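Hi,

Here is the structure I said I would pass on. Have a look at it first, and then read my notes on what turned up.

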Amino acid sequence: ENMLQKLTIRQKKLAEYLLIVAGTAVMAVSLQFFLDPDGMVPGGFTGIAIIVKELTNGIVPDGVPLWVMNLILNVPMVPIVLKINGWDFAKRTVVGSLLLSFWLAVIPYVQLMEEPDLFLTSVFGGVSMGIGLVFLGKGTTGGTDMCGAILHHFFPYISLPKLMQLLDVVITSVGIMVFGIRIALYSIIVVYLTAKVSDRIMEGSTSAKMLYIISDQSALIAEKIIEKLGRGVTGLQGRGMYTNQDKTILICVISPREIARIKDVVLEADSRAFVIVNDS
């Protein structure tokens, strides 16, 4: 049994690192095919790398490569993160940042379209950057993740996501001075889509609805939901503070397409039932 547990743990860790490998590869494709060719600044250290590449173009042939700048920015942060967040976080950060630099060095810079379409670039670049595989592997590519973790240590009253968003806003603002306001506005779309897609990947790709049903006929409603929809129902004891009466509050999780059916079932049993629908 212990051997099986150890094997399962090793398989899980292997799967997580494979996700980091795949996730960094997808991010590199997004940067090399969409964002860098059109000067999009996606925030994070990759955004800084794109700005530096543009500023050094002419001083260095084609500017400082993204993979070089990514390493230069991430390496000094590792000892600080190691001290603050421990070895496990630092180890995965090192792996993620090294892999991203590796893929950026290996995957060629490609101008997909002869005439740039900033809207398509921002949409496809943002979605592919936010694919979330790195986060599913409990990894990070460094950048604002590391900076945010360091700042959060010194400013614990500010949430980590807010600190990361603040850093991305600062980097995107610098991009305005380098690439102009038009591209910077499209870059905001990239940052937004990256965050939304990452959240959806982390939370799960299937959406669901959670219903709270308050009724005097809770037992009958629960019976009908189980019988007609085949869904489980949980009853919680509650009290109406206006009437001072005890009631059973039903909780049920369903798919979005079942909302109409479950409303019919509830209203059939009690036309005065109170139903609250939330995303889940």
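**What I found**

Let's start with Arg231, which is partly exposed, with a relative accessible area of 29%. Before going further, please keep in mind that this is a predicted model.

Arg231 makes a good entry point since its side chain meets that of Glu258 in a salt bridge, at 2.9 Å from N to O. This pair ties together distant parts of the chain, 27 residues apart: Arg231 is in the loop between H11 and strand E2 (234–240), and Glu258 is in the loop between strand E3 (245–254) and H12. And is Glu258 buried or exposed? It is buried, because its relative accessible area of 10% is under the 20% cut-off.

The structure holds 8 salt bridges in total. Another one joins Lys228 to Glu268, with 3.5 Å between the closest N and O atoms. Here too distant parts of the chain are linked: Lys228 belongs to helix H11 (residues 218–228) and Glu268 to helix H12 (residues 259–269), with the two positions 40 residues apart. Lys228 is partly exposed, at 39% relative accessible area, while Glu268 is exposed at 52%. The pair is also part of a network of salt bridges that links Lys224, Lys228 and Glu268.

One more salt bridge to look at is Asp246 with Arg239, at 2.8 Å from N to O. Asp246 counts as exposed because its relative accessible area, 54%, is over 50%. Arg239 has 48%, so it is classed as partly exposed. As background, side chains of opposite charge can pair when their charged atoms come close.

**The inside**

Which residues have the most contacts inside the largest nonpolar core? They are Leu31 and Leu35, in a core of 27 residues. Helices H1 (2–35), H2 (44–56), H3 (66–74), H5 (87–106), H6 (118–129), H9 (160–179) and H10 (181–203) each give two or more residues to this core. Apart from it there is another core, of 15 residues, with Ile225, Ile259, Ile262 and Ala269 among them. In general terms, nonpolar side chains tend to be buried together in soluble globular proteins.

If you zoom in on Leu35 and skip its neighbours within four places in sequence, you will find it in contact with Ser30, Met40, Pro42, Ile50, Thr121, Gly125, Met129 and Val190.

Helix H3 is worth a look as well. Its buried residues include Leu66, Met69, Asn70, Leu73 and Asn74. These cover an arc of only 125 degrees around the axis, so they sit on the same side of H3. Take Met69, which lies in this helix: it is buried, with a relative accessible area of 13%. Leaving out neighbours within four places in sequence, Met69 is in contact with Ala49, Val52 and Val64. The C-alpha atoms of Met69 and Ile50 are 8.8 Å apart, with 19 residues separating the two along the chain.

Over in helix H10 you will find Leu193. Where does the chain bring it together with Val127? Their C-alpha atoms are 5.8 Å apart in space, although the two are 66 residues apart in sequence. With neighbours within four places in sequence set aside, Leu193 is in contact with Ser122, Val123, Gly126 and Val127.

**The surface and two loops**

There is a nonpolar patch on the surface, formed by Leu166, Val170, Val174 and Met177, with about 390 Å² of accessible area together. Leu166 has its place in helix H9, and it is exposed, at 52% relative accessible area.

Finally, two loop residues. Most residues other than glycine have a negative phi. Asp62 has a positive value, near 65 degrees. It lies in the loop between H2 and H3 and counts as exposed at 63% relative accessibility. Asn244 also has a positive phi, near 60 degrees. This residue is in the loop between E2 and E3, and it is exposed, with a relative accessible area of 51%.

That's it from me. Happy looking!

Terms used: Residues are numbered from 1 along each chain as its sequence is written. This is a predicted model: local features need pLDDT of at least 70, side-chain atom pairs count only at pLDDT 80 or more; totals for chains, interfaces and linings use all residues. Side-chain values use heavy atoms; hydrogens and water are left out. A nonpolar core is a set of buried Ala, Val, Leu, Ile, Met, Phe, Trp, Tyr and Cys residues joined through side-chain atoms within 4.5 Å. Buried means under 20% relative accessible area, exposed over 50%, partly exposed in between (1.4 Å probe, protein chains only). Helices (H or I, at least four residues) and strands (E, at least two) are DSSP runs, numbered from the N terminus. Contact means heavy atoms within 4.5 Å. The arc is that of the directions from the helix axis to the C-beta atoms. Patches are made of residues with over 30% relative accessible area and no salt bridge: like charges are joined within 9 Å, nonpolar side chains (Val, Leu, Ile, Met, Phe, Trp, Tyr) within 5 Å. Accessible areas come from the Shrake-Rupley method with a 1.4 Å probe; for residues, only the protein chains shown count as cover. A salt bridge is a side-chain nitrogen of Lys or Arg within 4 Å of a carboxyl oxygen of Asp or Glu.
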